[in-house]
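Biologist: Could you take me through this structure? I have not worked with it before.
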Amino acid sequence: MRWAHTGDGRVGIDRGIRVDSTAVRVAAVFRLAVAITAAAVGSFLPHVSGERAVVFFIVDLVWVPWAAVVLFASEQPGARVARLGGPIGDLLVIGLSQGLLAQAAVPNFDAAILPAYLVVVVFSVYTLERPAAVGIGVAAIAVPTVAQRLLPVTDRLGAAVLAPYAVAVVLLLLLIERTTRMQTRAASQYALLSSKADTILAHVADAILVTNAEGRILQSNPAVARIVGCADEPLVGRSCEELLGLHSGERRLDCSAGCGLLRSDLGDDAGLGVEVWRIGSNTERQPLLASASRVESDGGDVEVVHSIRDITRLKEAEEAKTLFLATASHELKTPLTVIHGFADTLVRYDDLDEEVRSAALNAIRARATELSRIVDRLLLSSRIEAGRLQLTCQELEIESLITSRVASFAAATGREVVASLEDLPTVVSNEDALITVVDHLIDNALKYSPGGEPVEVGAVCDAEWVQVEIADHGIGMDSEQAAHCFEKFWQAESSDVRRFGGTGIGLYIVQSLVEAMGGTASVSSERGAGSRFTLRLPRPRVPEPAEELTPTGDGEATSIREFMRQIGVPERRVR
Amino acid sequence: MTIAVALTNFVLGVVYTCYGLMTIVDLKRGWRTRGFSHFGAAWVAMAFTCGPHHLEHGLHTLTAGVPGGPMDLVAVLVGMPAGVIWFLLRVEALTGGRGDRFISDTPRWLVAMPYLAGAYVVFAVAAGVTLLVDGSHFTPRMTPNVLLLGMYSLVGYYLLRTQIENRPEAGGWSVSGLSLAVVFPTCGLMHVYYSVYAATGRYDVDPVGLTIDWLAVPAAIYFVWVVRALYLGTLIDWNERPRAAAETAVVTV
């Protein structure tokens, strides 16, 4: 059983192949090193001739190339040439050497070479399935027995040598096989648990810190760097208290006598989830939900596992929702007050003349329309947040659409709205969504230009995008405000709610709709000079031409890359 | 003859050693951004065994009073232009130039090349056999050169295969690729002739040369292993390419 990486990056267990491909490769490298060394040593020996020369020719011209072939084959996991071919070749070469060198009267060579067979058996057990390893074991007994048959009867190894050798082979097979099986099982289980733990720790959003009893960091996950804002600093060995600097209420947690989160004076939930805060990288308070628990390490030491969750956005969302409730109530209340007032007048006074009566009804209708528009926006915002926004996009004539919306706003408000659009290509977009986006941005531009300054609408395009710009010369925003203006429930200043109205969800809807259409929305603004909103909408895609083969080496100048190109090494994308 | 063999071997020795140094510069430059390159290291290992082999052979021929073999000279002369062209192209690339030239279509002289190469191989084999039948004695001291013929021919095959595969799309030939494809088999042939002359007693295999040749064997095997691993994708080297820019968001139409 071994670990296998599947194509989609998940890790699974391949139960079909027991053989460790790394062991096969290591064995192949070892075999090649031995073969080349033996060959080189042989070529330096003086006066090599006869059977000795034949042995070295076999080593040089058969074993070395064969060992190289086995090494190349070992790059393909499970290749039979690599797993079986290697040991079989080894046994044949050793057998021939034994027979030939013993004939060449090298003293005791046939007995001295027996350990070489044992080495082959050891490698085979590690690199072959059990039946094949047993086969190699049998061959390791048979080959030396047959090889010594080449010698005169008087020079042959006796049973006193061969029998203990055969027993040694069998014992070796049994011993290593059992050890290997146990190791493989333990390694698989360890790898499974370790991989699971690593994957969980690496992907969990909470920061996990393990410290020793003195508060020194022993282990951390990537979320720590993200939450604490110390991406490039090594954390192991640092003081947890200094790194985090946690506060509960207005008091800094004291960890001098053990982890501060485990102390009982933090309430009943101490250690299970306490709201704390620290000074974040932007020097503002960063609210955190922290917990800690004691665990015992392998050596019996006490360690503390901290789990820390950044709840800044949660807190901001809570604040924003509170503000939104107030704002929405205010927005809904204003038209309702008007409707209520006029309806009350109409009910109370029957003798109103027709002109006054008509004016009251028109006012009620106008406010009801406004109310309906606010509710529509709130519903759209809810759909976006719930992920239920699905837009069907198609090729759309953007120029006529924007021109008609500009004309409509100019006529309705009597304000100057200037459009500079010429020969715009089509975009891939949803018509209703695009009208909502353009309307909102022009409406915003008019609203935040209280001095009656003109609003300009322009567009440019390139091969992939059409870029629409809606600019005003009104009150504008500073850089901090511009950075947050697309967030939900956001308005530049709370006083804007009363001054300009609105719920603070308009730009959030704009960005969500544009992104759902495959585009982007951005803003550049200057306080007192106005704002410029930019929409990038995708043009219809044209099929890409096939990648051309570079005819000359002008891609990269390095000789390594050039050689790779010429030898046909395929380019691969980074995983 | 002896001086010619010595000088041509000196030229090739200097070229290959310089090429090895140039590759080390490349390797060092790219190490920080691309990481270690097995391909570069293997190529450096080959250049630093091939270069010293020729330098030592040239020096040995000149100083030890060994008479140079004509077939050795022929083999070096056939391979040298290709080796020098490749080297000069790399120097050009290192100094910011193109580092390659393109041959449109297939000119007549290039059409004739396979036939000339075939005739050369036939001639070389016949000459070798003629030399050997006059009396030879092979010893294990000559085998590393035979092994190198196999390894270099394999590299030459990979190179030639790539040139042939690229030609239809490119509409022509890369001079850089063609010169490399010529260098390796001719280099292998040089080693075989060295063996043949050693077997016939003309050359004496000295311990320094033998050591260099035995170092060249694992270097060549390492190189072929790297190339094969890169083909199979079991090794990622400087052939990795960053992901393309974030793909445009696809909208349901």
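Modeller: Certainly. Please keep in mind that this is a predicted model. The contact between the two chains takes 66 residues from chain B and 51 residues from chain A.

Biologist: Which elements of chain B give two or more residues to the side that touches chain A?
Modeller: They are helices 1, 2, 3, 5, 6 and 7 of chain B, together with strand 2 and strand 3 of chain B.

Biologist: And where does the largest share come from?
Modeller: Helix 7 of chain B provides the largest share, 13 residues.

Biologist: What is the make-up of that side by class?
Modeller: The side of chain B that touches chain A has 33 nonpolar, 20 polar and 13 charged residues.

Biologist: Back to helix 1 of chain B. How many residues does it have?
Modeller: Helix 1 of chain B covers residues 2–34, which is 33 residues. From first C-alpha to last it reaches 46 Å, close to the expected 48 Å. Just after this helix, B:G35 takes a positive phi of about 85°.

Biologist: Now chain A. How do helix 12 and helix 13 of chain A cross?
Modeller: Their axes come within 10 Å and cross at roughly 40°. An angle from 35 to 65 degrees counts as oblique, and helix 12 and helix 13 of chain A are therefore oblique to each other. Helix 12 of chain A passes helix 13 of chain A in a right-handed crossing.

Biologist: Which residues make the contact?
Modeller: Among them are A:L401, A:V406 and A:F409 of helix 12 of chain A, and A:L434, A:V438 and A:I442 of helix 13 of chain A. By class, this contact has nine nonpolar, one polar and three charged residues.

Terms used. Residues numbered from 1 in each chain as written. Chains lettered and ligands numbered in written order. Predicted model: local features only at pLDDT ≥ 70, side-chain atom pairs only at ≥ 80, totals over all residues. Helix = DSSP H or I, 4+ residues; strand = E, 2+ residues; numbered from the N terminus. Expected span 1.5 Å × (residues − 1). Axes fitted to C-alpha atoms, helices over the stretch in contact; angles between N-to-C directions. Parallel < 35°, antiparallel > 145°, perpendicular 65-115°, else oblique. Left-handed = near helix turned anticlockwise from the far one by under 90°. Contact = placed C-beta atoms within 7 Å. Nonpolar A, V, L, I, M, F, W, Y, C, P; charged D, E, K, R; others polar.
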